[in-house]
Amino acid sequence: MRRLLALAGLCALAGAGAAQAREPYVAIPGVAAAGPAKYDVVHVLKIGSPRARNVLVLVPGFQGGAGMLAPVARDIVGRLPNLQVWCVDRRENAFEDTSGFRSRDPAKAAAYYLGFKYKQYGGTKHPTPFVKRWGLATSLGDIRDVVLAARRGGRRVFLGGHSLGASTADAYAGWDFHGRPGYRDVAGLVLIDGGLGGFGSAPSLAATKLSRAMLNAPTTNPFADLLGIGIPSIAGVFAEVGALYADRAPNAPSGLQTNPVIPKQFKPPVRATNLAAYGYVFDASTAPPGLDLIRIHAGHLARSWSPRRWVDGEYTSLESFAHNFAAERPNALEWYFPQRLSLDIGAANALARTRAADLLGVREWHTRQIDRPLYVFQTSLSKGGVFRGARRLVKFSRIKRSRFVENEGMSHLDPLEARPGRNTFLKSVVPFLRPLLRR
């Protein structure tokens, strides 16, 4: 009996090791940028066979991490075995203190994070003024190092992203890397509910000067503050602590609903389970105003019972969503997002060289030369802005092959997290990529 148990244990360990080997999370040196050299590195989650002859590099959106891209990446490689997907974690993820999640105990994590015992960056206690120079040039330099690493061995590389990550992919294609246009590094572009050119006009030179001066003021935090409460990391903390409760004890009464640190708008009006309380925050039918970027279509609170449970059944499984957001190395969110990156993306929105772009060092000089195949997916979030920008890109460039796919029934995160059978993005991007892959 002992031998059987030992054999079973060895098999389990071998299986766990094989699973980890299939999805290594590796460090790739990035460009030299402002600040200590230890931050000149990005991390990549590699999903799929290392023997694949093709790589799709995916960049997450605003305050998104590599883990957010992982579910759909697994679905893609399951249908395209000759493709590997590399999910990028930007360099600023190095600031995250995730030590409080090591125990996988939700109560301990809540005590550590909601008791504000974790190390926070960007304020007066742990200042990072050099991050105010981490703009598009830094981000694209890092991504180019990832793309070049993916190209080794003669592999064909595609570049894509979600939301602001799609805008980053757009910018990469037209960027001037010391005389070499970025689009020459890649075989195609995949834009998931984002991109440049479709969200109003680019800022004027005067407005850009003012924004840069405000960002560079000594009292300005270099990181974006999604919830507007003066703690840039708190949005990621709330989401991950809540996810851990929902994943580890989904049907127990909510461990956060009575916590005074959690804002009222994040609490259901009725007593709910951990999973139901989490769904209340993220589902499009009940999510608080202003959080459109993190919405999914997952279901609804049960009509009765106490505590209320969650009724699943829409595009995204809330149970799978919570499990993904509770994961670490990598996690699904980016706690610290440089404001300078958003400022530069705004200037790149012109899809051309402008005085504002030159002021910021945005080298979007080769848009008209781009000739790579383009895939674009749009949900309800942008109200047509994603398609407007992509059509403008096609008009201004030499792109001959493009595919535009829309599902306005989906929310912004659904394309990344939805059940494979209901994911319009997955069903359409696979046939787009298949004929482009190197055999």
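The radius of gyration used here is taken over C-alpha atoms, and the globule rule is 2.2 Å times the number of residues to the power 0.38. The structure is a predicted model, in which local features need pLDDT of at least 70 and side-chain atom pairs count only at pLDDT 80 or more, while totals for chains, interfaces and linings use all residues. Residues are numbered from 1 along each chain as its sequence is written, and side-chain values use heavy atoms, with hydrogens and water left out.

**Exercise 1. Work out how the protein's radius of gyration fits the globule rule, then describe the whole chain.**

Step 1: Start with the rule. For 439 residues, a compact globule would come out near 22 Å; the protein has 22 Å, so the two agree.

Step 2: Look at the extents. The C-alpha trace spans about 65 × 55 × 45 Å along its principal axes.

Step 3: Check the cover. Buried means under 20% relative accessible area, exposed means over 50%, and partly exposed is in between (1.4 Å probe, protein chains only). On that scale, 56% of the 439 residues count as buried.

Step 4: Turn to contacts, meaning heavy atoms within 4.5 Å. Of the contacts with a separation of 6 or more, 74% are between residues 24 or more positions apart.

Step 5: Count the elements. Helices (H or I, at least four residues) and strands (E, at least two) are DSSP runs, numbered from the N terminus. There are 14 helices and twelve strands.

**Exercise 2. Trace the open sheet of eight strands, and find what packs on it.**

Step 1: Get the pairing rule straight. Two strands pair if DSSP finds at least two bridges between them. The strand order is 1-2-4-3-5-8-11-12, and the pairing is mixed.

Step 2: Find the edges. Strand 1 (25-29) and strand 12 (402-406) each pair on one side only. From one strand to the next, the twist averages 20°.

Step 3: Add helix 4 (residues 136-151), which packs on the sheet and touches strand 1, strand 2 (41-47), strand 3 (54-59), strand 4 (83-89) and strand 5 (156-162). Axes are lines fitted to C-alpha atoms (for helices, over the stretch in contact), with angles from 0 to 180 degrees between N-to-C directions. The direction of helix 4 makes about 145° with that of strand 5.

Step 4: Add helix 14 (residues 424-433). This helix also packs on the sheet, touching strand 3, strand 4, strand 5, strand 8 (189-192), strand 11 and strand 12, and its direction makes about 175° with that of strand 11.

Step 5: Follow strand 5. Strand 3 runs parallel to strand 5, joined by six bridges, and Val59 stands opposite Gly161 in strand 5. Four bridges join strand 5 to strand 8, again in parallel, with Leu159 opposite Leu189 in strand 8. Six of the seven residues of strand 5 are buried.

Step 6: Finish at strand 12. Strand 11 (residues 374-378) pairs with strand 12 in the parallel sense over five bridges, and Val376 stands opposite Phe404 in strand 12.

**Exercise 3. Explain why helix 14 counts as largely enclosed, and say what caps it.**

Step 1: Seven of its ten residues are buried, so helix 14 is largely enclosed by the rest of the structure.

Step 2: Name them: Phe425, Leu426, Ser428, Val429, Val430, Phe432 and Leu433.

Step 3: Go to the N-terminal end. Asn423 caps it, with a side-chain oxygen 3.1 Å from the backbone nitrogen of Phe425.

**Exercise 4. Is Asn274 buried or exposed, and what surrounds it?**

Step 1: Place it. Asn274 is in helix 8 (residues 274-282).

Step 2: Its relative accessibility is 5%, so Asn274 counts as buried.

Step 3: Leave out residues up to four places away in sequence, and Asn274 touches Tyr245, Ala246, Ala249, Pro250, Ala252, Pro253, Ser254 and Gly255. A polar atom of its side chain lies 2.8 Å from the backbone nitrogen of Gly255.

**Exercise 5. Locate Tyr112 and find its polar side-chain contact.**

Step 1: Tyr112 sits in helix 3 (residues 106-113). With a relative accessible area of 21%, Tyr112 is partly exposed.

Step 2: A polar contact is a pair of N or O atoms within 3.5 Å; within protein, one must be able to donate a hydrogen and the other to accept it, and residues adjacent in sequence count only if both atoms are side-chain atoms. The side chain of Tyr112 makes such a contact with the side chain of Ser99 (3.4 Å).
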